[in-house]
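Here is a quick tour of a protein chain and its ligand, going from domains to single residues. Have the viewer open and follow along.

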Amino acid sequence: MLERGSHLIVRRGPLIATLAALARAVSATGVAWSVCYSDPASDQRLQSAVEERGLRALCVHDAPAIPPEETTMARSSGGEGYRSLVPYVQTWRSLEISTFEAPLLQRFAKPALESEPLPFPEEFGASMAADASATPAEAVRRLGEFLEVDAAQYALAVNVPADDRTSHLAAHLSFGTIAARTIARETRRRTEDPFLLAEERASLRAFARSLAQRDFFLQLAWYNPRMSRDPLQEKMRDFPFARTSPHLDAWLSGRTGYPLVDAGVRQLHGTGWMHPRVRAIAASFLCFDLGVDWRVGHAEWDRWLVEDDPAISIGNWQWIAGVGADLAAYPRIYNPQKQARRFDPTLAYARRWIPELAHVPDAFVRRGERESQIELPLFAGQAYPVAVVDHDAAARAFLERYQAFMTAGVARPANR
Ligand SMILES: Cc1cc2nc3c(=O)[nH]c(=O)nc-3n(C[C@H](O)[C@H](O)[C@H](O)COP(=O)(O)OP(=O)(O)OC[C@H]3O[C@@H](n4cnc5c(N)ncnc54)[C@H](O)[C@@H]3O)c2cc1C
């Protein structure tokens, strides 16, 4: 904005009244804003209010790399939007990405209006200090460095929690310091490099798939506004997830006795970010091992994650809880011990985030049996807790409840 000769004006107050006063003060003829995917009704209210005041209203899809309407138009089977990720990604890959970063801001003016000071993180309830690197220049630098070096290893890094080489661009995307279009376009360009090895190209394609997955969840929220409250799958709307569990505090504080789950939660508390694979494992643990509602997990992580994207968070939480767009016949329940053996075999990640494990022999940590962990206090100053539930038993119990619910559902009258 500064580059284009304008400047930012910060105002605090009720949205519509504040915006209307500002539009009047700068003699604006129109108001443009980016779609709110987690609350499309708020866009409609704003649009009506703006138009009632005789202004042009432009609500645009600035967040995704490819707007929902474009993927829908390319859909062979008709209907609104995609509910299934695989065909969505196929379509997404086949479409052009617009090169125009600011389609609506045709004319920039520099109004002689003073701005209020920028808000502080505490005003949003954030516990962390503002990150000085959260600038567009830093986002572009990060993207360039990532595509040049780490993207070639992405397929590995996205699965191995101790490997920190995913892009870490989510917060930049969420705060708009870089456009998804820029990332997707540059990724496609990089993928065309003829000197890439086959596995490096596969990694770049996997990274592009992640970007497509982000657009997938945005269009899912756009076409299904109820998703912000209710499960996308109608048949799961009455599933009796609990709002709490005797072990909820253990999950919240990273003391479940399952190192991968606990390390993830502690990484989140320490950094405002959690490795993607561990997010899935820790979320699955809450929903299935503890039987707690995905909305509890979503609300909790929303407080901690620096990237703040409710539509993406909700899409992912519903996916993991088996109530969203994942169309598998049964919920996919992650086994936290097997996942740890496979993706954190050296315990590098667990030990990095759980100091109590520093002096515990590997075999004890790996075995992860409830009985063996009782001995852990012998090895550590502050004891690492015994596993709060037996995973196999908890998963079996959940599947039985799920099966009973589905069987009863066949007999239940459709109420929607
Ligand atoms: C339970 C759960 C909750 C999540 N909550 C959020 C959230 O609140 N906000 C958020 O942006 N992502 C969320 N994710 C998705 C994903 O974990 C993060 O986008 C990713 O870990 C961010 O790290 P990164 O930028 O290094 O991602 P990379 O792996 O480098 O991926 C690049 C970009 O692709 C997008 N992306 C990657 N994976 C996904 C995905 N599964 N869904 C949608 N977009 C994706 C993100 O914009 C990410 O920045 C969640 C995943 C789970 C399982």
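Domain 1 and domain 2 have their C-alpha centres 29 Å apart. The bounds, which come from an automatic or database domain assignment, put domain 1 at 1-60, domain 2 at 65-98 + 134-223 and domain 3 at 234-411. Keep in mind that this is a predicted model, where local features need pLDDT of at least 70 and side-chain atom pairs count only at pLDDT 80 or more, while totals for chains, interfaces and linings use all residues. Residues are numbered from 1 along each chain as its sequence is written.

Now the ligand. There are 24 residues around the ligand, and Thr166, Ser167, Ala170, Arg214 and Ser313 come nearest; a residue is near if its C-beta atom, placed from the backbone, lies within 6 Å. The elements that give two or more residues to this shell are α7 (170-175), α9 (198-223), α12 (276-289) and α14 (310-321). Helices here are DSSP runs of H or I with at least four residues, strands are runs of E with at least two, and both are numbered from the N terminus. By class, the shell has 13 nonpolar, 7 polar and 4 charged residues, with Ala, Val, Leu, Ile, Met, Phe, Trp, Tyr, Cys and Pro as nonpolar, Asp, Glu, Lys and Arg as charged, and the others, Gly among them, as polar. Why does the ligand lie between domain 2 and domain 3? Because both domains give residues to the shell around the ligand.

Back in the strands, β1 (residues 30-34) and β2 (residues 56-60) pair in the parallel sense over 5 bridges; pairing takes at least two DSSP bridges. Ala32 stands opposite Leu58 in β2. From β1 the chain crosses through helix α2 (residues 40-52) to β2, a right-handed β-α-β crossover. Right-handed means that, with the strands pointing away from the viewer, the path from the first strand over the helix to the second runs clockwise.

Finally, two residues other than glycine have positive phi values. For the exposure column, a residue is buried if 20 or more other C-beta atoms (placed from the backbone) lie within 10 Å of its own, exposed if 12 or fewer, and partly exposed in between.

| Residue | Phi | Loop | Exposure |
|---|---|---|---|
| Ser27 | near 55 degrees | between α1 (15-25) and β1 | exposed, 8 other C-beta atoms within 10 Å |
| His168 | about 55 degrees | between α6 (154-157) and α7 | partly exposed, 15 C-beta neighbours inside 10 Å |
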